[in-house]
Amino acid sequence: MAATVQFEAPDHYLVDELYTDEQIIIRDSVRDWVNRSVKPVIEEYFEKAEFPRYMVKEMGEMGMFGPFIPEEYGGPGLDFMAYGLIMQELERGDSGVRSMASVQTSLVIYPIWKFGTEEQKHKYLPRLINGEIIGCFGLTEPNHGSDPGSMVTRFEDKGDHVILNGAKMWITNSTIADISIVWAKDEEGIIRGMIVEAGGEGYSAPETHGKYSLRASVTGELVFDNVKVPKENLFPEVKGLRGPLSCLNSARYGISWGAVGSAMDCYDAALRYAKERKQFGKPIAGFQLQQKKLAEALTEITKAQLMSWRLGNLRNEGKATAAMISMAKRNHVDMALHIARETRQILGAMGITNDFPMMRHMMNLESVITYEGTHDIHLLITGAEVTGIPAFY
Ligand code: TGC
Ligand code: FAD
């Protein structure tokens, strides 16, 4: 990744000084790409409800997938801070583009790296990392969202292969995925993970239409009707909900960074507009009520930037607990949604148009606050941590 110029972005507490030179170079190169390649076209893709598929190759070439994967498996061997910064910058562009990269990295590359056999790693990781193939992650089912442990998708052992039956719903990348990581129960009811290649007999991936949110992202189902999966595609060791939930830790971590990016984008656009737009003979930035919105947004973004930096270091040191990640995901997404709403008001009527990013971020964030554990579920995870009493059921 090449170093580029600095762009406007809020950094009130000089958080940039906490990053290494390498981290700043990575951040700026993704920022540069988003400004050049995502921002000019994203409103058009959002409007026509289409994922800009061609971006995957560029993202792969730039090292945006699996940044923390070691070189022996085709990764750049960076750290989790680099991953967080990449997610932040991608979501300054659009949550849908960030979602594609989140799923590819945390929900497909990560489980193969953590739970896969050496053969699985060598077969799939290099091609997922360079963007040659796309993956998706099937955990949620039509009747089991917040409670994935009750899933009914199941498989039967047939010697050298298994037969998979069931359906997954709300799956990002489903229709464009070459492989899916599917979580299903064995004959004893134990949850196992497997790599399912797209297109076999009995496999289908219908698209979900009519979304007002994440329109520039593919969402669909995965339907398995007696799908034959080779036994060597199963993850050999990991059993139970711990498997998929470990992947969610990585994805939720990245999402917490991404939300800060969308808040930064809304803040930037509103600040620029407020300085230029005049009413009653002066820029609206000079009115106390608009300054309150901007000052409060900057305060929340600054708190989140510092929290993300700390969480990044904890994750690098292996000390970031699931509850710490839940707190950041919950706080940052809620914060970003609030800032999208407040900054949109600064623009008055102009704020409802696609000349500005607020409405798109706002609509996208309604998915982000729901997926990877709803706002409520993350509160309950924090509640269980502080009291020692799970209140999920
Ligand atoms: P519970 O009894 O608490 O735990 C079962 C087993 O899992 C272990 N565990 C974890 N392990 C790793 N990381 C975590 N965060 C973990 N949380 C729990 C736990 O220790 C236990 O292990 P073991 O070995 O003792 O069996 O499980 P529960 O059934 O009570 O559920 C807990 C709950 C509600 C927190 C969990 O199910 C949950 O997080 N629900 C939310 C579901 C969710 O987040 N789904 C996301 C689907 S993927 C998605 O949305 C992708 S969006 C893609 C995009 O970015 O576009
Ligand atoms: P439900 O679980 O039915 O929840 C409905 C409401 O009840 C929520 O407000 C919830 O907070 C509340 N609730 C549930 N349980 C409790 C409780 N114990 N206490 C209090 N309140 C509770 N899933 C995947 O597996 N892979 C993907 O790639 C993926 N991508 C997605 C992309 C998009 C755009 C969206 C919207 C979702 C995606 N999901 C994916 C699914 C997502 O993870 C689920 O939507 C989410 O986990 C919530 O499940 P649910 O929608 O079934 O809601």
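Here are three short exercises on a predicted model, each with a worked solution.

**Exercise 1.** Work out how helix 3 and helix 4 are oriented relative to each other, and which residues make their contact.

*Solution.*
- Start with the axes: those of helix 3 (residues 80–93) and helix 4 (residues 95–115) cross at roughly 155° and come within 7 Å.
- Angles over 145 degrees count as roughly antiparallel, so helix 3 is roughly antiparallel to helix 4.
- Next, find the contact: helix 3 supplies Tyr83, Met87, Leu90 and Glu91, while helix 4 supplies Ser95, Val97, Arg98, Ala101, Ser102, Thr105 and Ser106.
- Finally, sort these residues by type: five are nonpolar, four polar and two charged.

**Exercise 2.** Find the residues that come nearest to ligand 1, then look at its polar contacts.

*Solution.*
- Ligand 1 has 26 residues around it, and Thr172, Asn249, Arg252, Glu372 and Gly373 come nearest.
- Look at Thr172: a polar atom of its side chain is 2.9 Å from an oxygen atom of ligand 1.
- Now turn to Asn249, where a side-chain N or O atom lies 2.9 Å from a nitrogen atom of the ligand.
- Arg242 takes part through its backbone, with a polar atom 3.5 Å from an oxygen atom of ligand 1.
- To finish, consider the surface: ligand 1 taken alone exposes 1,100 Å², and the protein buries 71% of that.

**Exercise 3.** Do likewise for ligand 2: which residues are the closest?

*Solution.*
- Among 17 surrounding residues, the closest are Thr140, Ser146, Trp170, Thr374 and Asp376.
- Ser146 places a polar side-chain atom 2.6 Å from an oxygen atom of ligand 2.
- Trp170 has a backbone N or O atom 2.7 Å from a nitrogen atom of ligand 2.
- Taken alone, ligand 2 exposes 970 Å², of which the protein buries 67%.

Terms used: Residues numbered from 1 in each chain as written. Chains lettered and ligands numbered in written order. Predicted model: local features only at pLDDT ≥ 70, side-chain atom pairs only at ≥ 80, totals over all residues. Heavy atoms only, no water. Axes fitted to C-alpha atoms, helices over the stretch in contact; angles between N-to-C directions. Helix = DSSP H or I, 4+ residues; strand = E, 2+ residues; numbered from the N terminus. Parallel < 35°, antiparallel > 145°, perpendicular 65-115°, else oblique. Contact = heavy atoms within 4.5 Å. Nonpolar A, V, L, I, M, F, W, Y, C, P; charged D, E, K, R; others polar. Near = heavy atom within 4 Å. Polar contact = N/O pair within 3.5 Å; in protein donor to acceptor, adjacent residues only side chain to side chain. Areas by Shrake-Rupley, 256 points an atom, 1.4 Å probe, with all protein chains shown as cover.
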